[in-house]
Amino acid sequence: MPASLLLKQDGTPITLIFTKNYQHWHSDQNENVQNWCKHQHYLGSGALSIPAANGAISGIIYGIDDFSDFYISGVLASTLVKGVYTLDLSQLSNAELAENNLSKTEISTRFAISWALQAYQFDRYSKEADVGAQLSLEDDHCYAQAHAFTEAIYLSRTLINTPASDMMPQNLSLTMQTLAETFRGDFSEIVGDDLLDENYPMVHAVGRASENVPRLLELRWGHENAPKITLVGKGVCFDSGGLNIKTGGFMRNMKKDMGGAAVALGLAKLIMSQELNMRLRVLIPAVENAISANAFRPGDVIATRKGLTVEIDNTDAEGRLVLCDALTEADAESPDLIIDFATLTGACRVALGTELPGFFSNDQNTANSLMQSAQSSADPIWQLPLHAPYQSMLKSHIADTQNSTDTGLGGAITAALYLQLFVSKNTSWVHFDMMAWNTRALPGRPIGGDALGLRAVFDYLQQRYPAA
Ligand code: BES
Ligand code: ZN
Ligand code: ZN
């Protein structure tokens, strides 16, 4: 449990107001408080500690002007002095809440989740973990919701932040096993050379040069007869580029190349804890794209699980290779929906920047609903096109396709088109190309691994497959 959230404890109240109602609140205060606000040049935006007559802090006034932002508690969790705080929403009028399409429960939940996300610290290797300001909630439901979302996103973040030396395929495997045990799901895996016997040639080829042998991880959960949803996550535990080796700066952060797997596992945790009505399957090809005498090479032709042959144009376009075998397996069951998550291309972050996950889909209804969920859950994502004419850029002279193009132009699109070759036309499929990493600190988003887009996808799934 994140130490930053508590239940039913006393604390210093944080009073939320709409910034435009500041004067109204101000006129209700005693003269001391009015003067204090004046001398602090406080005009109703952000936080101000209010002194009691004896010099203690009687409460915090917190003015919000933008309720469209999810992270409404801003940086409070790390700027308020250590101690326990509670939430006072008595100043928010129902009329204004309705205007912003929000309920008090939704505001409390957003406040609590964003508080805990701001308080997140990756402290595995640091000397002392520090519990700072804590938020105590009154409402059990709100606490439970905040708890579930936070735990899921913390899981994704910590998996991403953990260095490759401690987060190899076997570590992802243990994480998935633990999840399966916690939620009474079924775990299975195919390890090392067994991948060849079981016909996952691409997962094997990409991962075979590593001492940490490649694996295909699988989790199943939920009622046998419920709608089948399959999540697939790119689990490249370190991406050196392979023989097409990356240069220093580009390799520096490649411990995060299992970010797709981390988001799939975080989302799976949330789905299971909220008991959505689905038959969930999670598939993670987990490999290290390493360099060794037996590494796969540019120019090699490798068969896929589906039978298509692929000429390796670039060993650094490895994510789509491990994903294509996993997608083939996902598709074989004809699920209701397949969603894959991957730190797939540098091109996607060039197109959208690092803070907006891109997605592609062969099913426009699902894409539209996802965009609506992104809007209502304030977790932005952006659709990119599966522009079919670009498929020809992947043409190989000697095999069914190449894994990458000569120019790299439209790189996120051509990567998605490559993946689309492995999904049947009549299977709904969504592909996320994401950064999984905050390059700058924003409220609720410390620098490091993150699961942007997870809440949007969960909102969509919850609407479509609500708990029974
Ligand atoms: N893991 C990278 C993509 C990546 C890089 C995501 C930086 C986020 C940040 C992927 O495996 C890769 O190296 N892709 C290449 C593909 C190219 C060789 C066609 C890329 O994007 O440069
Ligand atoms: Zn790569
Ligand atoms: Zn990669």
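**Figure 1. An irregular zinc site in a predicted model.** The zinc ion (ligand 2) has 6 donor atoms around it. Their angles run from 73 to 169°, which makes the arrangement irregular. The model is predicted. Asp239 (OD), Asp316 (O), Asp316 (OD) and Glu318 (OE) coordinate the zinc ion (ligand 2), at 2.0 to 2.2 Å. Asp316 thus appears with both an O and an OD donor. Along the sequence, the donor residues follow the spacing D-x76-D-x1-E. Asp239 sits in strand 10, and Asp316 in the loop between strand 13 and helix 12. These two residues are 77 residues apart, and the pair links distant parts of the chain.

**Figure 2. Asp239 between two zinc ions.** Asp239 bridges the zinc ion (ligand 2) and the zinc ion (ligand 3). The two ions lie 3.2 Å apart. Are the donor residues buried or exposed? Asp239 has a relative accessible area of 3%; under 20% counts as buried, so Asp239 is buried. Glu318 is buried too, at 0% relative accessibility. Asp316 is partly exposed, at 22%.

**Figure 3. Surroundings of ligand 1.** There are 16 residues around ligand 1. Lys246, Asp257, Asp316, Glu318 and Gly346 come nearest. Two of these names, Asp316 and Glu318, also occur among the donors of the zinc ion (ligand 2). Asp239 has an N or O atom in its side chain 2.9 Å from an oxygen atom of ligand 1. For Asp257, a polar side-chain atom lies 2.8 Å from a nitrogen atom of ligand 1. Gly346 uses its backbone: an N or O atom there is 2.7 Å from an oxygen atom of ligand 1. Ligand 1 exposes 520 Å² when taken alone. The protein buries 82% of that area.

**Figure 4. The Lys234–Glu318 salt bridge.** The side chains of Lys234 and Glu318 meet at 3.1 Å, N to O. Lys234 lies in the loop between strand 9 and strand 10 (235–239). Glu318 lies in the loop between strand 13 (309–311) and helix 12 (319–332). The pair therefore ties together parts that are 84 residues apart in sequence. Lys234 is buried, at 2% relative accessibility. Glu318, at 0%, is also buried. Glu318 is a donor to the zinc ion (ligand 2) as well, through OE.

**Figure 5. The Arg279–Glu224 salt bridge.** Arg279 and Glu224 form a salt bridge through their side chains, 3.6 Å from N to O. Arg279 belongs to strand 11 (residues 279–289). Glu224 belongs to the loop between strand 8 (215–221) and strand 9 (228–233). The pair thus ties together parts that are 55 residues apart in sequence. Which partner is buried, and which exposed? Arg279 is buried, with a relative accessible area of 11%. Glu224 is exposed, at 58%.

**Figure 6. The Lys8–Asp140 salt bridge.** Lys8 pairs with Asp140, and their closest N and O atoms are 3.2 Å apart. Lys8 is in the loop between strand 1 (5–7) and strand 2 (12–18). Asp140 is in helix 6 (residues 140–161). The partners are 132 residues apart, and the pair links distant parts of the chain. Lys8 is partly exposed, with a relative accessible area of 45%. Asp140 is partly exposed as well, at 44%.

**Figure 7. A salt-bridge network.** The whole structure holds 23 salt bridges. Some share partners: Glu218, Arg220, Arg281, Arg305, Glu329 and Glu333 are joined into one network.

How values were computed
Residues are numbered from 1 along each chain as its sequence is written. Chains are lettered from A and ligands numbered from 1 in the order in which they are written. This is a predicted model: local features need pLDDT of at least 70, side-chain atom pairs count only at pLDDT 80 or more; totals for chains, interfaces and linings use all residues. Side-chain values use heavy atoms; hydrogens and water are left out. A salt bridge is a side-chain nitrogen of Lys or Arg within 4 Å of a carboxyl oxygen of Asp or Glu. Helices (H or I, at least four residues) and strands (E, at least two) are DSSP runs, numbered from the N terminus. Buried means under 20% relative accessible area, exposed over 50%, partly exposed in between (1.4 Å probe, protein chains only). Donors are N, O and S atoms within 2.8 Å of the metal (3.2 Å for Na, K and Ca); water is not among the atoms, so sites may look incomplete. Four donors count as tetrahedral if all angles lie between 85 and 135 degrees; four count as square planar and six as octahedral if opposite donors are over 155 degrees apart and all others between 65 and 115; anything else is irregular. A residue is near a molecule or strand if one of its heavy atoms lies within 4 Å of it. A polar contact is a pair of N or O atoms within 3.5 Å; within protein, one must be able to donate a hydrogen and the other to accept it, and residues adjacent in sequence count only if both atoms are side-chain atoms. Accessible areas come from the Shrake-Rupley method with a 1.4 Å probe; for residues, only the protein chains shown count as cover.
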